[in-house]
Amino acid sequence: MHVANILNNIVENHQIFAYVVIFLGLIFEGEIILISAGILAHLGALDFGITLFFVLFGGLVKTLLFYRLGEFIHKKWNHTKLMKYIEERVFNFMPHFDRKPFWSIFISKFIMGVNYLVIIFSGYKKINYKTYLKAEFFSTIIWAPLLLTIGYFFSYTALNISKEISRFSLVILILVIAFITFDKFLAFVYKMFEKFNDK
């Protein structure tokens, strides 16, 4: 059976649930949810405009929620091991965070697993709220459509290789693993660049 027919039938019967998953996924995960949404939008299972709305809305909620979480942690558990761990991780990737908070927040959006720590830490360190919101806004309006487009590309590529669901899924899995590996490689290069510039 054609992969688009299978996924369209599943998602069309649970479309509201799919958009809720995208919204919540953007708050608590991000990259894989966005790529998956791009795949489903390419296949016609989701409307691109509605998907982008839920993606941006989820990104906004995440931006506001995790900054406030950082502020809350600062009030309640200022010098805990958890905050020392987060501070160590943030400064490991973003050694210039104190001097260049805008660029640290902006760049963190494009490094898997780092953005959550950085935005919590921004609230914890009480980074200027306007600077924080600008960095998150500009990074999100680049990051969200970019990853949706990557999902589109993955779907297009997988469909050109095979229309069978099992082969299509295998190609998507390989492409997602390649994307994660590439993201980790870029994060490593950026980390080395920052450490080199720090000297």
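Helices in this passage are runs assigned by DSSP, at least four residues long, and each one is numbered from the N terminus. With that naming in hand, the structure can be read from the overall fold down to single residues. The model is a predicted one.

The protein chain contains nine helices and zero strands. Read from the N terminus, its elements therefore follow the order α-α-α-α-α-α-α-α-α. Of the 199 residues in the chain, 45% are buried.

Helix α5 is a good place to start looking. It covers residues 81-93, which makes 13 residues, and spans 19 Å from its first C-alpha to its last. That is close to the 18 Å expected at 1.5 Å a residue. Which residues of α5 are buried? They are Met83, Ile86, Val90 and Phe93. These four share one side of α5, because the arc they cover around the axis is only 100 degrees. Lys81, Lys84 and Glu88 lie on the other side of α5, where they are exposed. A general rule of helix geometry helps here: an α-helix has 3.6 residues a turn, so residues three or four places apart point the same way.

The structure holds two salt bridges. In one of them, the side chains of arginine 68 and glutamate 71 meet at 2.7 Å, N to O. Both residues belong to helix α4 (residues 48-76), where they sit three residues apart, or about one turn of the helix. Arginine 68 has a relative accessible area of 44% and counts as partly exposed, because that class runs between the 20% limit for buried and the 50% limit for exposed.

The other salt bridge joins glutamate 136 to lysine 109, with the closest N and O atoms 3.2 Å apart. This pair links distant parts of the chain, 27 residues apart: glutamate 136 is in helix α8, and lysine 109 is in the loop between α6 and α7 (115-124). Are glutamate 136 and lysine 109 buried or exposed? Both are buried.

Next come the spaces between the atoms. Rolling a probe the size of a water molecule over the atoms shows where empty space is left. The largest pocket has a volume of about 270 Å³. Its lining consists of 16 residues, and those nearest the centre are Phe110, Ile111, Leu146, Asp183 and Leu186. Three helices each supply at least two lining residues: α6 (101-108), α8 (129-161) and α9 (165-198). Which helix gives the most to this lining? It is α9, with six residues. By residue type, the pocket lining divides into 14 nonpolar, no polar and two charged residues.

A cavity, unlike a pocket, is a space the probe cannot get out of. One cavity of 30 Å³ or more was counted. The largest cavity has a volume of about 40 Å³. Its lining is made up of Glu29, Glu31, Lys62, Lys109, Ile111, Gly113, Asn115, Tyr116 and Trp143. These residues divide into three nonpolar, two polar and four charged. Two names in this lining have come up before: Lys109 lines the cavity and takes part in a salt bridge with glutamate 136, while Ile111 lines the cavity and is among the residues nearest the centre of the largest pocket.

Asn115, another residue of the cavity lining, also has a partner far along the sequence. Glycine 30 and asparagine 115 are separated by 85 residues in sequence, while their C-alpha atoms are 9.9 Å apart in space. Glycine 30 sits in the loop between α2 and α3 (31-42). Its relative accessibility is 0%, so it counts as buried.

A further pair of this kind involves tyrosine 19, which lies in helix α2 (residues 15-28). From C-alpha to C-alpha, tyrosine 19 is 8.6 Å from leucine 46, with their positions 27 residues apart in sequence. Tyrosine 19 is buried, with a relative accessible area of 7%.

Finally, one backbone angle deserves a look. Most residues other than glycine have a negative phi. Lysine 126 is not a glycine, yet its phi is positive, at about 55 degrees. This lysine is located in the loop between α7 and α8. Lysine 126 is partly exposed, with a relative accessible area of 48%.

Key
Residues numbered from 1 in each chain as written. Predicted model: local features only at pLDDT ≥ 70, side-chain atom pairs only at ≥ 80, totals over all residues. Heavy atoms only, no water. 1 Å grid on protein atoms, 1.4 Å probe; cavity = no way out; pocket = protein on both sides within 12 Å on 5 of 7 lines; lining within 4 Å. Points joined across faces, edges and corners; volume = space filled by probe spheres on them. Nonpolar A, V, L, I, M, F, W, Y, C, P; charged D, E, K, R; others polar. Salt bridge = Lys/Arg side-chain N within 4 Å of Asp/Glu carboxyl O. Buried < 20%, exposed > 50% of the residue type's maximum accessible area, 1.4 Å probe, protein only. Expected span 1.5 Å × (residues − 1). Arc of directions from axis to C-beta.
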